[in-house]
Amino acid sequence: ITDRKRAEREREAALEAVQRQLAEKDLLLRETHHRIKNNIASIQSLLAMQARAASNPEAVGALQDAASRVSGMRVLYGRMLMADQYQEADLDTYLGGLVDSVVGLLAGETRVAVEKSIGGIVLGSRVLFPLGLIVNEIVTNMIKHAFAGKACGTVRISAEQEGAVVTLVLGDDGKGLPEGFAIEDSEGFGLTLVRMLCVQLEAELAVDSSAAGTRWTIVFETA
């Protein structure tokens, strides 16, 4: 009996030691993620400051685009930390915050309203990172081109999931894409990146455009 009690105490002590080690590792992991998030925010701020200081329109545009892409990464880290999850996050919270961030950064004097309709879809970071970059590029394209010369506009984002298939739709009520536009022929960095990331996600990408606006549809599987 004495030997059994001694063994039980040793097992309890070992279990407590393991739990302490796990708690310490979790704390270290959280601190690491916070530092990464803060570093990303610093990089975004530096890019935004440089964009405001630049006089060359092309340089301003490139710096704003870079700041917007970095902002997408910062939003994802922030949402994951808030949810205490490092491998997955809620699509509504992540993409909603990301779109708001892009609009706030690039809209300027144009009043852009954002309409969101995203169900309770949870995705892993393996999907969220490239998906966030895709949304960032498309919304950036909308803000910079669809509403040029307009006092106001609307960006719409919606997502639905059926089984393992997610359908994400991004739309605007802008002036539409140029006549004859084909995304597969676009040589711009942003849309080239969109095509590459869709290939990475094995996603289908479709674009419909008219004088009443543009609609981007991305269909992909979560698994």
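The following paragraphs lead through the confidence, the nonpolar cores, one loop residue and the largest pocket of this structure.

The model is predicted. Across the chain the mean pLDDT is 82, with 90% of the residues at 70 or more. Confidence varies between elements: strand 5 has the highest mean, 94, whereas strand 1, residues 88–90, has the lowest, 74.

The interior may be considered next. The largest nonpolar core comprises 43 residues, and Leu91, Leu95, Ile143 and Leu170 have the most contacts inside it. Helices and strands both contribute: helix 3 (91–106), helix 4 (125–146) and helix 5 (189–201) each supply at least two residues, as do strand 2 (111–118), strand 4 (152–162), strand 5 (165–172) and strand 7 (213–221). Of these, helix 4 gives the most to the core, with ten residues. Apart from this core lies another, of six residues, including Leu47, Leu63, Ala67 and Val70.

Leu170 illustrates how parts of the chain that are separated in sequence meet in the largest core. Leaving aside residues up to four places away in sequence, Leu170 touches Val135, Ile138, Val139 and Met142, together with Arg156 and Ile157, and also Thr214, Arg215, Trp216 and Ile218.

Leu177 offers a second local view, in the loop between strand 5 and helix 5. Its relative accessibility is 22%, and Leu177 therefore counts as partly exposed; the limit for a buried residue is under 20%. With residues up to four places away in sequence again left out, Leu177 touches Asn141, Val207, Ser209, Thr214 and Trp216. The C-alpha atoms of Leu177 and Ala211 are 8.1 Å apart, although 34 residues separate the two in sequence.

The last feature is the largest pocket. Rolling a probe the size of a water molecule over the atoms shows where empty space is left. The largest pocket has a volume of about 410 Å³ and is lined by 22 residues. Glu137, Thr140, Asn141, His145 and Leu191 are the lining residues nearest its centre. By character, the lining divides into eight nonpolar, eight polar and six charged residues. Helix 2 (57–82), helix 4, helix 5 and strand 7 each supply at least two residues of the lining, and helix 4 gives the most, with seven. Helix 4 thus appears in both settings, as the element that gives the most to the largest nonpolar core and the most to the lining of the largest pocket.

Notes
Residues numbered from 1 in each chain as written. Predicted model: local features only at pLDDT ≥ 70, side-chain atom pairs only at ≥ 80, totals over all residues. Heavy atoms only, no water. Core = buried A, V, L, I, M, F, W, Y, C linked by side-chain atoms within 4.5 Å. Buried < 20%, exposed > 50% of the residue type's maximum accessible area, 1.4 Å probe, protein only. Helix = DSSP H or I, 4+ residues; strand = E, 2+ residues; numbered from the N terminus. Contact = heavy atoms within 4.5 Å. 1 Å grid on protein atoms, 1.4 Å probe; cavity = no way out; pocket = protein on both sides within 12 Å on 5 of 7 lines; lining within 4 Å. Points joined across faces, edges and corners; volume = space filled by probe spheres on them. Nonpolar A, V, L, I, M, F, W, Y, C, P; charged D, E, K, R; others polar. pLDDT = per-residue confidence, 0-100.
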